Amino acid sequence: MSAETVRFWLDGAERRGPAGVPVGFVLYAQGERILGWNEATGAPRGLYCGIGHCFECRLTIDGVRDQRACLVPLAAEMQLTRQAPPPALTFQEVP
Amino acid sequence: MSAATCDAVVVGAGPAGLAAAGTLTARGHSVLLVDEAPVPGGRLRAQWYRLGSAVWDGRAEVRRLVEGVGAGATWRLGTAVHAVSGTSDEGFAVDLGAEVVRARTVLLATGATEVPLAMPGWTLPGVLAVGAAQTLWRGWHMAPGRRGVIVGINPLGFAVAQELADAGLASLAVVMPPPGLATAHLGSVGEQWDRLLALAAGAPPWAKPVAGLLHGRPGWRRAAMRWFPAQGIRVAGARLQLTRQALALEGADRVEAVRLQRLDAGGEPVGAPWREAVDFVLLAGGLRPLGELLGQVGAAMGHYEGLGGDVPLVTTRLATSRPGVFAAGNTLGIESARVAMAQGGLAGLGMAAHLGDEPPEDAWQRARGAMAAARRQVPFTFQPGLMQARAQHRQDSAREVGP
Amino acid sequence: MTGQSPRVVVVGAGVIGAAITFVLSRAGVPVTLVDRGPLGGGTSSRCDGNVLVIDKDPGYQGALAHLSQELLHAWAGELGEIEYRRPGSYLALAGDDEVEPARTWVADQRRGGLDFQYLEAAATHRAMPDLAADVPGSVYSPTDSTLNPLAYVAALVAKSRQRGAATRPHSPVAAIATSGGRAAGVQLEDGSTLAADVVVVAAGVWTPDLLEPLGVTVPIVPRRGHLVVTTKGPRFGDVKVMEFGYLMAKFGRERTVPADVDRYGVALVYEPTRAGNFILGSSREFAGFDTTPNPDVLRAIVRRALRFYPAMAEASVLRGFAGLRPWTPDHLPVVGWVPAVPGLLVAAGHEGDGIGLAAVTGQLVGDLIRQERPPLPMEPLAVDRFGPDVLQEAGVWDKTRI
């Protein structure tokens with residue numbers, strides 16, 4: 001690709017990648033397989049369908065939660081943040 | 001043109017949506033094109049295969065279609081449609097989240113989605129739907145990995161395997177899915193064979209070895225299975241291993257291995273399972289039409305296995321049971337991109353007619369001719385039973401929504 | 001009847017039909033479960049997983065619901081992974097004007113033998129730390145439980161099949177067959193007939209259509225409800241929370257709420273699921289059989305949720321859909337023999353309580369068919385309990401509101 005290389009941030013760490021390519025693909029190609037964790041089980045999740053259907057690649061992008069990484073093109077100075085799984089579900093009976 | 005009101009909203013900027021938009025703008029109607037993806041073209045963008053000496057280049061087709069849309073359309077890429085409500089008479093309200101657009105007619109050309117092969121370990125990072133690998137490679141020239149397997153047999157899997165082999169990646173093995181999946185019709189060895197037979201019937205270049213092997217003869221399944229080489233045969237640059245079944249995908253934080261099982265001629269397991277190291281896995285469960293918005297607007301639907309699942313019943317002008325709502329492309333059943341384009345052209349005329357701009361008879365004839373030609377040119381059949389399903393769909397549609 | 005056990009056909013494979021089939025097959029009764037579509041594809045696939053007594057009127061309705069909870073609790077182990085748990089539920093109050101009605105409600109329920117508690121503000125916010133600070137109190141019911149309704153129906157059907165029950169999805173019933181004035185089976189649209197000694201109509205909102213040709217009228221009317229599903233993301237506690245106003249909406253009482261909330265009968269329902277998503281409800285409208293979701297209603301539901309959980313603004317909506325509750329004029333289901341047609345049973349009209357009342361309904365229908373003594377008096381559920389005025393009014397609704 002002849003796309004312009006731009007600076008972006010993943011979980012606060014500086015990175016560089018091709019502008020205009022969806023961030024999920026950029027991260028996959030850079031070896032970042034894990035894009036998040038299942039909120040119920042904590043199991044790692046990554047790019048899967050690549051066309052916005054499965055919602056497994058959700059990142060917080062520039063402060064907005066639940067953006068599908070496979071649909072959002074990389075732009076200069078973008079802040080990508082993997083969403084930490086919420087505290088483990090207790091599902092305990094209330095006595 | 002103001003985006004807040006237009007003649008037509010086209011949902012999905014793939015081959016069907018682009019062709020419809022081009023037809024409408026050519027006749028002077030204002031169109032709003034909406035797609036979730038940041039670039040137009042949908043899955044067509046990632047298509048690339050040889051047809052004899054010619055090449056089908058999806059990107060070039062998309063460029064051509066976008067030019068055809070011209071300046072008469074407003075684009076909303078990277079935008080999801082939240083809801084379509086109202087009626088044609090009062091103007092449909094198409095809710096895009098940040099804005100609501102009014103239009104007298106709407107085309108739902110939302111395409112298809114991949115059927116998940118929900119096998120053990122399928123949620124591990126590094127396990128991709130086969131279409132994602134195609135987009136990675138063809139769309140962005142990124143390889144899915146170095147050593148992988150494709151689970152499940154369908155045309156998309158072979159097309160991707162061919163491309164990755166051409167690119168000099170380590171060869172891929174195509175293995176059978178595990179037994180007992182919720183998507184059961186994909187899980188049985190017999191079904192996979194029927195799928196292969198359907199593929200071989202159309203005999204695209206990469207399917208020649210399979211076609212030669214089977215000739216589509218009934219009763220061959222078991223015999224062929226008995227002498228099928230354990231190491232598989234080469235098809236489309238991949239090693240087709242019909243007597244191997246993937247039982248599970250394994251790994252800690254990403255997929256690292258696939259657990260395999262050898263099958264006998266009857267499809268029964270023989271011997272103990274073993275592990276093979278991989279760094280990616282592609283799941284090829286086939287496609288099914290995506291019809292959430294059709295369901296949401298309350299269009300009459302029917303279920304056709306041969307078309308891939310639930311599809312709207314439509315007139316020959318591709319009008320659904322909801323006046324003003326049209327459908328085209330894979331949302332009407334899994335067929336080729338050429339067919340989707342032809343459907344888009346037809347739906348575009350239908351929408352123009354709905355807007356009071358009845359096209360002349362020769363325009364209809366050209367559109368119907370394009371559809372027939374596209375269906376003749378299909379390089380392979382996506383679904384076993386496509387022809388029968390299409391006929392049944394036509395018959396049900398005529399009864400339920402009219403000619 | 002043939003031999004010891006009557007052959008039974010159950011029409012309608014929603015949660016009610018599935019529970020009846022489960023009870024009958026467990027008792028060794030030969031039973032066939034028929035549905036015009038997929039198993040569990042109607043109202044039971046468009047609902048939440050509430051198994052509640054907290055929203056029932058004190059007295060018979062509460063007792064019925066409580067018995068159902070106990071039965072389900074006993075079944076749960078056998079049914080496998082249906083995401084069943086018993087976290088209790090809360091009704092949050094929207095304002096000070098609800099405090100006295102809520103206290104009265106708790107007192108009435110306690111007199112009825114149910115262990116309800118009124119929680120003051122401090123205890124309320126300890127139990128639900130994410131609730132808006134101005135919520136003045138809440139009502140707590142410790143026995144309320146929850147499950148995954150799709151998994152529940154699937155498990156009931158799977159267990160029934162293991163015990164020999166037959167299932168016939170995608171087999172629309174054209175008519176209930178009669179012979180000499182009594183039910184003789186069902187005639188399917190494909191022309192075939194399933195012979196039976198007992199026919200149970202458990203077809204939810206579609207029940208009146210099946211009974212009408214026999215001259216039997218039951219006032220069951222579809223009352224549409226919308227639900228919103230969020231992405232898996234931030235959660236707001238693992239207990240089920242509704243607003244006290246849900247009761248007002250359900251029973252059609254006066255509320256002081258925004259116009260769209262009132263118009264669509266919107267009341268907060270918050271249900272965390274095991275998958276990590278949460279479900280938001282609810283709405284109530286008489287809108288015929290149209291299940292096309294109305295974006296205005298979905299928005300009203302989300303706005304109502306934000307009134308109780310301001311931090312939900314950061315959560316994302318995944319989808320919304322609508323289903324049809326089988327409403328009856330007295331908010332009780334219709335469960336019993338049809339007096340005019342021997343061998344014909346009805347089990348329908350559970351409004352929004354089908355998931356919760358399925359177990360007790362299965363038990364009651366099983367008892368009727370096996371001529372055992374039911375654990376509760378069944379007169380309040382009788383098919384012929386509605387007077388001519390009620391039936392006439394239901395008929396009027398048929399024409400003007402549907």
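1. In this predicted model, domain 1 and domain 2 of chain C bury about 1,200 Å² between them, with 65% of that area coming from carbon and sulfur atoms. The contact draws on 12 residues of domain 1 of chain C and 11 residues of domain 2 of chain C.

2. Both domains of chain C are discontinuous in sequence: the assignment gives 8-45 + 150-219 + 330-400 for domain 1 and 89-142 + 221-327 for domain 2. Their centres, taken over C-alpha atoms, lie 30 Å apart.

3. Two salt bridges are found across this domain interface. Glu351(C) and Arg284(C) form a salt bridge, with 3.0 Å between the closest N and O atoms. Five residue pairs are in polar contact between the two domains, both residues being at pLDDT 80 or more. On the domain 1 side, the touching residues comprise four nonpolar, six polar and two charged.

4. Between chains A and B, about 2,200 Å² is buried, 65% of it on carbon and sulfur atoms. On the chain A side, Tyr28(A), Arg33(A) and Tyr48(A) lose the most area to chain B, together accounting for 30% of what that side buries. The contact involves 24 residues of chain A and 31 residues of chain B.

5. One salt bridge is found across the interface of chains A and B. Arg68(A) and Glu36(B) meet through their side chains in a salt bridge, at 2.8 Å from N to O. The polar contacts there number five residue pairs, with both residues at pLDDT 80 or more.

6. In chain A, α1 (23-29) and β4 (44-45) are the elements giving two or more residues to the side that touches chain B. The largest share, four residues, comes from α1(A). By class, that side of chain A has 15 nonpolar, six polar and three charged residues.

Conventions. Residues are numbered from 1 along each chain as its sequence is written. Chains are lettered from A and ligands numbered from 1 in the order in which they are written. This is a predicted model: local features need pLDDT of at least 70, side-chain atom pairs count only at pLDDT 80 or more; totals for chains, interfaces and linings use all residues. Side-chain values use heavy atoms; hydrogens and water are left out. Contact means heavy atoms within 4.5 Å. Buried area is the accessible area (1.4 Å probe) that two parts lose on being put together, summed over both. A salt bridge is a side-chain nitrogen of Lys or Arg within 4 Å of a carboxyl oxygen of Asp or Glu. A polar contact is a pair of N or O atoms within 3.5 Å; within protein, one must be able to donate a hydrogen and the other to accept it, and residues adjacent in sequence count only if both atoms are side-chain atoms. Ala, Val, Leu, Ile, Met, Phe, Trp, Tyr, Cys and Pro count as nonpolar, Asp, Glu, Lys and Arg as charged, and the others, Gly among them, as polar. Domain bounds come from an automatic or database domain assignment.
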